[in-house]
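Me: Could you walk me through the reasons behind some of the labels used for this model? I would like to see each value set against its definition.

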Amino acid sequence: MHTKTKAIHAAMEVVNQNPDIVPPVHRSTVYELDKEGRSEDDWHYTRLDNPNRVQWEHVLKVMEDGEAAAAFSSGVAAASAVFQALEPGNHIIIPEDVYAGNRKLVKELMQPWGLKADFIDMTDLQNIKAHITGDTKLIWVETPSNPMMNIMDIGAITSLAHENGALVCVDNTWPTPINQKPLDLGSDLVLHSTTKYFGGHSDILGGAIVSAEQDGIFEKIRMVQRVGGAVPSPDDCWMLARSTRTLPYRMRGHNENAELLARFLQNHHKVEKVFYPGLATHAGHEVAEKQMTDFGGMISFLVDGDADDAIDIVGRSKLIGRATSLGGVESTWEHRRSSEGEDSITPKNLIRISVGLEHADDLLEDLDQALV
């Protein structure tokens with residue numbers, strides 16, 4: 001071979017003699033086909049499959065006790081795939097207090113496309129039942145909800161949905177499979193914004209759908225993933241699989257710190273109300289105890305004042321970062337209404353905090369000095 005040919009092909013002549021303890025990143029965008037030609041199961045192009053994505057999807061389905069998983073480039077992309085797997089004219093029921101990005105997705109993209117949707121209070125099973133129609137194909141569950149921490153009974157909602165021929169998708173981003181297993185409670189699909197706790201370090205964007213079954217709606221979700229192309233990069237899949245190795249231990253720290261901060265806030269004179277399902281005073285505490293093994297790292301609370309007072313409190317933090325998103329090892333908080341847009345139903349005096357893994361005493365000290 002000439003030198004210019006060697007430069008292209010020489011690296012492919014060496015393979016690892018022993019198996020890797022840490023899997024490598026596979027950045028190749030194309031794969032060599034068999035000399036007899038392409039077969040149906042060939043990957044041939046990384047949008048369709050990639051070794052790192054296959055590995056990451058395997059981790060996801062194992063963690064959620066599912067049969068199949070599809071990884072996406074963001075949580076909203078994963079949600080889009082679920083909705084696109086339905087048909088124009090289908091009806092969905094979705095919480096009125098739902099993640100603002102998914103509310104905008106449904107209202108601005110999916111409803112003009114032909115999806116029908118009702119945003120309702122889903123803490124009341126009878127209210128859900130009253131909104132089911134002959135066109136209802138999906139009930140979307142977000143528990144705890146974002147940002148009001150409403151608790152929805154996954155088992156009861158799933159039973160109601162299945163009695164009426166509808167599927168259930170549970171957004172399990174906040175609890176993670178460490179604290180809650182929706183598929184074990186009967187749901188059909190689980191969604192994650194893997195940007196959050198799975199990534200855990202505020203440096204990866206991703207989303208995923210895990211399914212209780214390989215067939216049915218999941219086949220359509222897989223088609224949307226591969227044809228639509230909103231897939232994560234090999235590097236992102238590698239990073240997410242790597243971060244998941246520490247997820248159980250990180251969640252233990254998030255859970256413990258959040259409970260300490262919630263109890264502190266509950267007794268603070270500047271705090272009007274705390275929303276944390278681990279508190280016995282929370283309206284959904286009994287249901288949360290039934291379906292969760294622990295209560296997560298997210299807290300919302302109302303300050304004794306108005307929007308300006310809440311913004312001022314957030315602005316006085318010295319340790320807790322002023323930022324949106326959540327699930328990182330660092331603590332962050334925000335005046336949530338400011339992030340959600342004009343159709344937000346979040347109280348103007350609400351602060352949402354993502355409790356990180358710093359020493360609890362340092363976090364309590366920062367809260368105390370900010371809540372003057």
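**Labels and their reasons**

Reply: Gladly! Pro144 sits in the loop between β4 (136-142) and α6 (154-163); helices (H or I, at least four residues) and strands (E, at least two) are DSSP runs, numbered from the N terminus. This is a predicted model, where local features need pLDDT of at least 70, side-chain atom pairs count only at pLDDT 80 or more, and totals for chains, interfaces and linings use all residues. Residues are numbered from 1 along each chain as its sequence is written, and side-chain values use heavy atoms, leaving out hydrogens and water.

Me: What makes the peptide bond from Thr143 to Pro144 noteworthy?

Reply: That bond is cis, with omega near -5 degrees. Another cis bond joins Asn146 and Pro147, with omega about 10 degrees, and Pro147 is also in the loop between β4 and α6. Most peptide bonds are trans.

Me: Why is Met149 called buried?

Reply: Its relative accessible area is 1%, and buried means under 20%, exposed over 50%, partly exposed in between (1.4 Å probe, protein chains only). Therefore Met149 is buried. Phi of Met149 is near 60 degrees, a positive value in a residue other than glycine.

Me: And why does Asp65 count as partly exposed?

Reply: Asp65 has 39% relative accessibility, so it falls in between the two cut-offs. Asp65 lies in the loop between α2 (51-63) and β1 (68-72).

Me: Which residues does Arg336 touch?

Reply: Among them are Tyr99, Asn146 and Pro147, not counting residues up to four places away in sequence; contact means heavy atoms within 4.5 Å. Arg336 is buried, at 3%.
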